[in-house]
Every structure is written in structure tokens, then in C-alpha cells.
Amino acid sequence: MRPENAHQAMLLRLLREGGRSRAELGDVVDLSRSKLNVELDRLIELGLVEPDGLAESRGGRRSGKVRLSRQTRFAGIDIGATSVDVAVTDGELNVLGHLSEPCDIREGPAVVLDRAVTLLGKLREQGLYSQLHGAGIGLPGPVSFPEGVPVVPPIMPGWDRYPVREAVSEELGCPALVDNDVNIMALGELHAGLARQVGDFLLVKIGTGVGCGIVVDGKIYRGVSGSAGDIGHIRVDDDGPICACGNSGCLEAYFGGAALAREATAVARSGGSPYLAERLAAAGELTAQDVAVAAAQGDAAAIQIIRDGGRRVGQVLASLVSFFNPGLVIIAGGVARLGHVLLAEIRSVVYRRSLPLATGNLPIVLSELGDAAGIVGATRLISDHVYSAG
């Protein structure tokens, strides 16, 4: 069920922030009181909104309160390179249940999407929903948003042009939308994170890959074909290591999860870090998490790896900040758990290299939403669609 006109869509999006009285809605929308009541009554008839008691008196008769239907349910599916997260929210995007499990994106779309649907089935068995009103999906690669398909994604073999949106919509019996995982994380921050009051910001995700969500005037900027923000493949050194995309010297080849593991392994084998050498001997391989733990224990080699990577990110980000002039930069993703050593290095480079006018009042911060950013953003994506005039 969708709103019938733009007025109803606007009211639904306002109510997504929480229930309000009719009088409070009248204060913020450009509608006569009679027109407002007609539209709200129609939304109640459609089952999208429900009455919610009476508000406190503002001097006259108490105004009736309304809220989004308690039956509304959205699903968020956040597929990463090595994991899949799913959640179910109510109409206000409050997370009612969240499940996550390891999953290798290289197993292909049929296997990975089946895992996501199975996890949602477990939430249904817990009684969290009987029917879904929409599903949002994030993928760790380039996505053609109008078509709902990934396009030549470097770390997703077998996924090129797979009809993800259609497959999920058919399986779950509800509308679905697909976007790049960095874009949905940016939407999550816009809805429930540090960017709630910021119209123009950048979200830089540093995980297995490196990407950037661009928000302009409260909306995701995707570019002409959907590849805006793919900063992991900006070249930072002509003679650098080969990247997963086939080019050399990309930022991602220096400071994605695989690059960190490679650097840590080299340091461990050269004797530069007793801690990393011990971990390598015990586990047979190293991860970005091992670097984070080593750095937290004061390991000089691990701290240097993080600083070197942060410097590269800062160099790219400084150019973006001078070009885009955002009001906020959020650093997110698994590698962002390297924490304040990473943040300090990025800040240092950006503040030093960007124009003073662009950085004079620019916060650069770590995400506080963590793993929830993607699933909340995915439900924000689909709710924007469901709460728009059809």
C-alpha cells in the first residue's frame, strides 16, 4: 500500500520520525486544517496510519494524535564481503530484531541471497513480522540503482547484472530496492547517526574495500550511472600494488582489509612485530583485526601500518573536502575499528592539505552506529520509496 499523493507522502515521512498530534503536524505542513484532516483520515483508511490517543491541551480542545501503523514492517539486508546482516524494523525504523552471520560474497548470488532470506525467516519465526512492506539491500560493489543490479563488481564473482532487486522482491513478496553498501550506510547515519542534522556530508567506509557515500541536501548522490563515490579506485601511486580491479596503485590496494593483512604479514615475517609474528604462527594468517589489537597494545609496527594507511586516505579525502566542502566527514567500516590512531592521521592530513575555508568548521568523526548503519540505512532506503506517492 502506498500514499495516493504528495501530501500523504510528506505526512508519512514526518510520522516516520515519531507520532505527533494533528495540531503539531499542522504547525509544520503547508496545508489547511481541513485538508490536513482529510489526508490523515485517508491514510488511516489505507491502513498506513492509526490514531494514537489525545495530545495534551494547548489551550482549547485536545488534538488527536496519530502514528504510523504498528503493523508496518521493513527488512534491511546488508551484504558485505565476508558477512550478511539482516534486520526487521517498524515503520519508524526502530530495529525489532537483528541477525548476522559470516558469509563469503564469492559463493555467488543464489547462495548469499538464500542465506539472507533464511535469516529473515528466523526473525519471522520469532514473531517479529507476518508480512513485510518493503526490503532494502546493500551490496559491496557498484550498483545500477535504476535496474537494481550489480555491475562488474570487483570482489563479487558471479554477481554481474544478477537481478537482485527482482529476486528478493519475489522471494519476500514486497517491494525491494538495491544500492551500494556505502550509500545505505550514509542513509543510516542520516536517519539515526551523527549526520541527522547535516544536509551535506561524506561517509568514508574502510572495510574489505574503500568507498564513499555522498549526501547532498539530505539525499544520496549516485552520479549518472551509480558509481559516484568509488574512491577506493582513485590512484595514489603509479607504481603501487595491483588492486582487485586490475589497476595498480589504487587507494584500496594500500588500505583495504586485504592490504592491511598483506602489510601485517610482511611485518610479521620480517621480525618487525613479535605480536603479529605470534598471531601469524598461531592462526596461519593475519587480519585487519589483528592489526587493531596489536596497535591497542602499543605495537609500534602495527601503529605505523595504520598511520601509513590513514595518510593515504587523508590525501584522497583532502582533495574531496576541498572539492565538495562537506559539513561533516564520517569514517566507518570494519577497518575504522582501528580507531583513534587512524582518525588522528586522517584528520592531520586533511586539515593540513585542504583549504582553510573548507576545514575551518569541519568535524571528522568515527561512526557511532557501527554494524547498525547498513541495516538501518537499507530500511530508510525502502521506506523512502514506500512513503512516496506511487
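**Exercise 1. The surroundings of D237**

Determine in which loop D237 is found, and which residues outside its sequence neighbourhood it contacts.

Solution. Step 1: D237 lies in the loop that runs between β13 (219-220) and α7 (251-255). The model examined here and in the following exercises is a predicted one.

Step 2: The relative accessibility of D237 is 26%, and D237 therefore counts as partly exposed.

Step 3: Set aside the neighbours of D237 within four places in sequence; the residues in contact with D237 are then S248, G249, Y254 and R312.

Step 4: Consider G249 from this list. G249 and D237 are twelve residues apart in sequence, yet their C-alpha atoms are 4.7 Å apart in space.

**Exercise 2. Two cysteines and the disulfide count**

Decide how many disulfides the count comes to, and explain why C245 and C250 are not bonded to each other.

Solution. Step 1: A disulfide is a covalent bond between the sulfur atoms of two cysteines. The cut-off needed here is that the two sulfur atoms lie within 2.5 Å.

Step 2: For C245, the closest cysteine sulfur is that of C250, at 3.8 Å, which is too far for a bond. Starting from C250 leads to the same pair, since its closest cysteine sulfur is that of C245, at 3.8 Å.

Step 3: The count of disulfides is accordingly zero.

Step 4: Compare the accessibility of the two residues. C245 has a relative accessible area of 30% and is partly exposed, whereas C250, at 2%, is buried.

**Exercise 3. Positive phi at L93 and N325**

State where L93 is found and where N325 is found, and establish whether L93 is buried or exposed.

Solution. Step 1: Most residues other than glycine have a negative phi. L93, which is not a glycine, has a positive phi near 70°. N325 is likewise a residue other than glycine with a positive phi, near 55°.

Step 2: L93 belongs to the loop between β5 (83-89) and β6 (95-102). N325 belongs to the loop between α11 (300-324) and β14 (329-332).

Step 3: With 5% relative accessibility, L93 is buried. N325 has a relative accessible area of 46% and is partly exposed.

**Exercise 4. The packing of α4 and α5**

Describe how helix α4 and helix α5 pack, giving the angle and the distance between their axes.

Solution. Step 1: Helix α4 spans residues 109-125 and helix α5 spans residues 164-172; their axes are 11 Å apart and the packing angle is about 30°.

Step 2: Because of this angle, α4 is roughly parallel to α5.

Step 3: The crossing of the two helices, α4 and α5, is right-handed.

Step 4: On the side of α4, the contact involves L113, V117 and L120, and on the side of α5 it involves V164, V168, E171 and L172. By class, the contact of α4 with α5 has six nonpolar residues, no polar residues and one charged residue.

**Exercise 5. The packing of α8 and α9**

Find the angle at which the axes of α8 and α9 cross, and list the residues that make the contact.

Solution. Step 1: The axes of α8 (residues 257-270) and α9 (residues 274-283) cross at roughly 105° and come within 8 Å.

Step 2: Helices α8 and α9 are therefore roughly perpendicular to each other.

Step 3: Helix α8 contributes A264, T265, V267, A268 and R269 to the contact, and α9 contributes L276, A277 and L280. The residues of the contact of α8 with α9 divide into six nonpolar, one polar and one charged.

How values were computed:
Residues numbered from 1 in each chain as written. Predicted model: local features only at pLDDT ≥ 70, side-chain atom pairs only at ≥ 80, totals over all residues. Heavy atoms only, no water. Axes fitted to C-alpha atoms, helices over the stretch in contact; angles between N-to-C directions. Helix = DSSP H or I, 4+ residues; strand = E, 2+ residues; numbered from the N terminus. Parallel < 35°, antiparallel > 145°, perpendicular 65-115°, else oblique. Left-handed = near helix turned anticlockwise from the far one by under 90°. Contact = heavy atoms within 4.5 Å. Nonpolar A, V, L, I, M, F, W, Y, C, P; charged D, E, K, R; others polar. Buried < 20%, exposed > 50% of the residue type's maximum accessible area, 1.4 Å probe, protein only.
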